[in-house]
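Subject: The structure I promised you

Hi there,

Here is the structure we talked about, ready for you to open in your viewer. Have a look at it first, and then read on for what turned up.

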Amino acid sequence: MEGMTLLVTGGAGFIGSNFVHHLLERYSDIAVIDLDMLTYAVNLANLSDLEADPRHTFVRGDICDRKMVDRLFQEHRPDMVINFAAESHVDRSILEPDVFVRTNVLGAQCLLGAAREHEVERFLQVSTDEVYGSLGPEGLFTEDTPIDPSSPYSASKAGADLLALAYNRTFGSPVLITRCSNNYGPYQFPEKLIPVIIMNCLEGRPIPVYGDGMNVRDWLYVGDHCSAICRVLKRGRPGEVYNVGGNNECTNIDMVRTIIRIMADRLPDAGIDESLISFVADRKGHDRRYAIDASKIASDLGWEPTTSFERGMAETVDWSLENRGWMDSVISKDYLNYYDRNYSQR
Ligand code: NAD
Ligand code: TYD
């Protein structure tokens, strides 16, 4: 990647900002153009340490704005595009689906069109295992599992995947798709399960567990996800899909109990215990189980996750405790409104 220019969209968000840091820590001669609209899900503090870094150019803009996107391509001539930009939260997609179709489908199409016209070497669409729908108690998602999304969020991500693959087949665009499982780590917005648990432990608020708490997710440390994306950019075959997983299935209730234990250990006088657990009404269309078969990326590209769940989770909790200011700063009026809308009627 040395000597290259990368257009990273959504590079101020949770995974995108981790990815931008990952790149800049590893490559000295690289230019990262970071295009992000700065939605509610972003705290610019995620990128504040990069303000003086000449390798990083931040542009505030909408991936659906083709004129602006074309201007960016003309000005910076990126070699590669990595599209993280998205509306990313399932519960919000149940409350307000429209923006998911706009950003996740039309935005991806806009970028694919511009990348085709400007002949980029690689276009990586960051997708999700949620496009496969839900598993029963057995089996794993492979890249051949049929697309069967349940939520407006996952349907919009599936739409983008299909468009990306169609650009490859129709126009020969050098498109790659990664489908990863649930990420966790620093800078995650506290609407997703893990930061909700951490935040509510700190605030002494009930921890809402949907349904019976037995839904399963396959947790992937965000740093491992970043290294998988680099590997796919370097060695992946255009037109291919690569699943990325953490080999780490866990029920939600076990996850809640684990984090309560770690938090209580770190803050023994804070009264953090299992009495905070509050079972609430289930999410509509709630997928029961996700679990990834990541053998293709392991055998074809030699990538495997390297962060154990114990280490990744300890680092995530410690980061949250050391960055209380960051956590406090994301509690905006919008956040409180959303929290109320999502949880008060359960
Ligand atoms: P996030 O919500 O933290 O970040 C998304 C970023 O996209 C934000 O910075 C936001 O401002 C930006 N954005 C939204 N609309 C935009 C627009 N129209 N134009 C430009 N920028 C816009 O989400 P995340 O968790 O970092 O997810 C990143 C990507 O990874 C998404 O595509 C998501 O679908 C995918 N993904 C996430 C997970 C996960 O566990 N978080 C799992 C699988 C896949
Ligand atoms: P989430 O972090 O929203 O990721 P996704 O829905 O994309 O998998 O949710 C992870 C799991 O946790 C999912 O099964 C829903 C559940 N969940 C709760 O039980 N309570 C909560 O407050 C949230 C946000 C999620």
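A warm-up to begin with: is asparagine 247 buried or exposed? Asparagine 247 is exposed, because its relative accessible area is 62%, and over 50% counts as exposed. You will find asparagine 247 in the loop between β11 (241-244) and β12 (249-251). Its backbone is worth a glance as well: asparagine 247 has a positive phi of about 50° although it is not a glycine. As background, most residues other than glycine have a negative phi.

Before going further, please keep in mind that this is a predicted model.

**Ligand 1**

Ligand 1 is surrounded by 29 residues, and the closest are Ile15, Asp36, Ser88, Tyr153 and Lys157. By class, that shell has 14 nonpolar, 11 polar and four charged residues. Three elements, α1 (14-26), β5 (122-128) and α5 (152-171), each supply at least two residues of the shell. The largest share, three residues, comes from β5.

Some polar contacts are easy to pick out on screen. A polar side-chain atom of aspartate 62 lies 2.9 Å from a nitrogen atom of ligand 1. Two backbones also take part: an N or O atom in the backbone of threonine 39 is 3.0 Å from an oxygen atom of ligand 1, and a backbone N or O atom of leucine 38 is 3.4 Å from an oxygen atom of ligand 1. As for how much of the ligand is covered, ligand 1 has 830 Å² of accessible area on its own, and the protein covers 97% of that.

Leucine 38 deserves a second look. Leucine 38 sits in the loop between β2 (30-36) and β3 (56-60), and its phi is near 60°, a positive value in a residue other than glycine. Leucine 38 counts as buried because its relative accessible area is 18%, and the cut-off for buried is under 20%.

**Ligand 2**

Which residues are closest to ligand 2? They are Glu130, Arg217, Arg283, His286 and Tyr343, out of 18 residues that surround ligand 2. The shell divides by class into seven nonpolar, five polar and six charged residues. Both α3 (90-95) and β8 (207-210) supply at least two residues each, and β8 gives the most, with three residues.

Here are polar contacts to look for:

- Arginine 283: a polar side-chain atom lies 2.5 Å from an oxygen atom of ligand 2.
- Tyrosine 343: an N or O atom in the side chain is 2.6 Å from an oxygen atom of ligand 2.
- Proline 208: a polar backbone atom is 2.8 Å from a nitrogen atom of ligand 2.

On its own, ligand 2 has 510 Å² of accessible area, of which the protein covers 97%.

**Helix α4**

Helix α4 covers residues 98-117, which makes 20 residues. From its first C-alpha to its last it reaches 28 Å, close to the 28 Å expected at 1.5 Å a residue. Even so, α4 has a kink of about 25°, centred on leucine 106. Just after α4, glutamate 119 takes a positive phi of about 55°.

The buried residues of α4 include Phe100, Thr103, Asn104, Gly107, Cys110, Leu111 and Ala114. In general, an α-helix has 3.6 residues a turn, so residues three or four places apart point the same way.

**Two buried polar side chains**

Asparagine 104 lies in helix α4. Asparagine 104 counts as buried because its relative accessibility is 3%. What does its side chain reach? A polar atom of the side chain of asparagine 104 lies 2.9 Å from the backbone nitrogen of glutamate 87.

Histidine 89 is found in the loop between β4 (80-83) and α3. With a relative accessible area of 3%, histidine 89 is buried. Its side chain reaches the backbone oxygen of glutamate 191 at 3.2 Å.

That is the tour. If you would like a place to begin, try the two ligands, then follow α4 to its kink at leucine 106.

All the best

Note on methods
Residues numbered from 1 in each chain as written. Chains lettered and ligands numbered in written order. Predicted model: local features only at pLDDT ≥ 70, side-chain atom pairs only at ≥ 80, totals over all residues. Heavy atoms only, no water. Near = heavy atom within 4 Å. Polar contact = N/O pair within 3.5 Å; in protein donor to acceptor, adjacent residues only side chain to side chain. Areas by Shrake-Rupley, 256 points an atom, 1.4 Å probe, with all protein chains shown as cover. Helix = DSSP H or I, 4+ residues; strand = E, 2+ residues; numbered from the N terminus. Nonpolar A, V, L, I, M, F, W, Y, C, P; charged D, E, K, R; others polar. Expected span 1.5 Å × (residues − 1). Bend = angle between axes of the 7 residues up to and from the residue. Buried < 20%, exposed > 50% of the residue type's maximum accessible area, 1.4 Å probe, protein only.
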